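Here's a quick briefing to read with the structure open next to you. Take it one topic at a time and find each piece on screen as you go.

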Amino acid sequence: EIEVAIKVVVVGNGAVGKSSMIQRYCKGIFTKDYKKTIGVDFLERQIEISGEEVRLMLWDTAGQEEFDAITKSYYRGAQACVLAFSTVDRASFDAVESWKKKVEDEVGNIPMVLVQNKIDLVDNALIDHEEADALAKKLKLRFYRTSVKEDLNVNDVFRYLSDRYLAR
Ligand code: GDP
Ligand code: MG
């Protein structure tokens, strides 16, 4: 039976791949134009960590992040957080710290992870390797480079957060 359920919020600028990441992790699929199903707040996936059944509830937004209009109910009770930016969107990288602060202002200090998505587009990267590493170091966050499209490192992100949560 399920012993632990974790609410995970996935934040970052619009179009960095948050919805795609949730859909990839929970349903195993990638589509070019994923639209959030109206009325569905989160998708879930169950994993086993050292013999314990853990249910991850990954909360998606309906695009309100574009208007800085995420409601408090989105963050309420969040127990872990993915801070995401895109390899090909400079502004999304520059916004990471403000996303971190927003989450902390709402829910305090919870396990977080920094994710650079769309690493398949690395030839057109607008952020160098060094500056991404430097940001992770400055914010004291574990850092993953993912491609939701190619299914690279996505599982690792959520396993890390689950481990961190269980070790709290
Ligand atoms: P959100 O606004 O952060 O939820 O972003 P979406 O999940 O809607 O993704 C925005 C666009 O980026 C969509 O066209 C996705 O198909 C695309 N996308 C998401 N992840 C990747 C990735 O890893 N690589 C590439 N090349 N495109 C991606
Ligand atoms: Mg979305």
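**Around the ligand**

A polar backbone atom of Ser 19 sits 2.9 Å from an oxygen atom of ligand 1. Keep in mind that this is a predicted model. The points below start with the ligand's surroundings and then move on to the sheet and its helices.

*Ligand 1 and its shell*

- Ser 19 has company: Gly 17 also puts a backbone N or O atom 3.0 Å from an oxygen atom of ligand 1.
- Much further along the chain numbering you'll find Val 148, with a backbone N or O atom 2.9 Å from an oxygen atom of ligand 1.
- On its own, ligand 1 has 580 Å² of accessible area, and the protein covers 85% of that.
- How many residues are around ligand 1, and which come nearest? There are 19, and the nearest are Ala 15, Lys 18, Ser 20, Lys 32 and Asp 120.
- Sorted by character, the shell around ligand 1 has five nonpolar, eight polar and six charged residues.
- Helix α1 gives the most to this shell, namely three residues.

*The sheet*

- Six strands make up an open sheet, and if you walk across it you meet them in the order β2-β3-β1-β4-β5-β6, with mixed pairing.
- Why do β2 (42-49) and β6 (142-145) each have a side without a neighbour in the sheet? Both stand at the edges with a single partner strand, so one side of each is left free of a neighbour.
- On average, neighbouring strands of this sheet are turned by 25 degrees against each other, ignoring direction.

*Two strand pairs to look at*

- As a bit of background, strands in a sheet pair through backbone hydrogen bonds, and they can do it parallel or antiparallel.
- β2 and β3 run antiparallel and are joined by eight bridges.
- In that pair, Gln 46 stands opposite Arg 55 in β3.
- β2 and β3 form a hairpin with two residues between them, and Ser 50 in the turn has a positive phi of about 35 degrees.
- β5 (residues 112-117) and β6, on the other hand, run parallel, with four bridges joining them.
- Here Gln 116 has Arg 145 in β6 as its bridge partner.

*Helices on the sheet*

- Helix α1 (residues 18-27) packs on the sheet and touches β1 (4-11), β2, β3 (52-59), β4 (80-86) and β5.
- The direction of α1 makes about 50 degrees with that of β2.
- Helix α5 (residues 129-139) packs on the sheet too, touching β4, β5 and β6.
- Compare its direction with that of β6 and you get about 145 degrees.

Notes:
Residues numbered from 1 in each chain as written. Chains lettered and ligands numbered in written order. Predicted model: local features only at pLDDT ≥ 70, side-chain atom pairs only at ≥ 80, totals over all residues. Heavy atoms only, no water. Pairing = 2+ DSSP bridges. Axes fitted to C-alpha atoms, helices over the stretch in contact; angles between N-to-C directions. Contact = heavy atoms within 4.5 Å. Near = heavy atom within 4 Å. Polar contact = N/O pair within 3.5 Å; in protein donor to acceptor, adjacent residues only side chain to side chain. Areas by Shrake-Rupley, 256 points an atom, 1.4 Å probe, with all protein chains shown as cover. Nonpolar A, V, L, I, M, F, W, Y, C, P; charged D, E, K, R; others polar.
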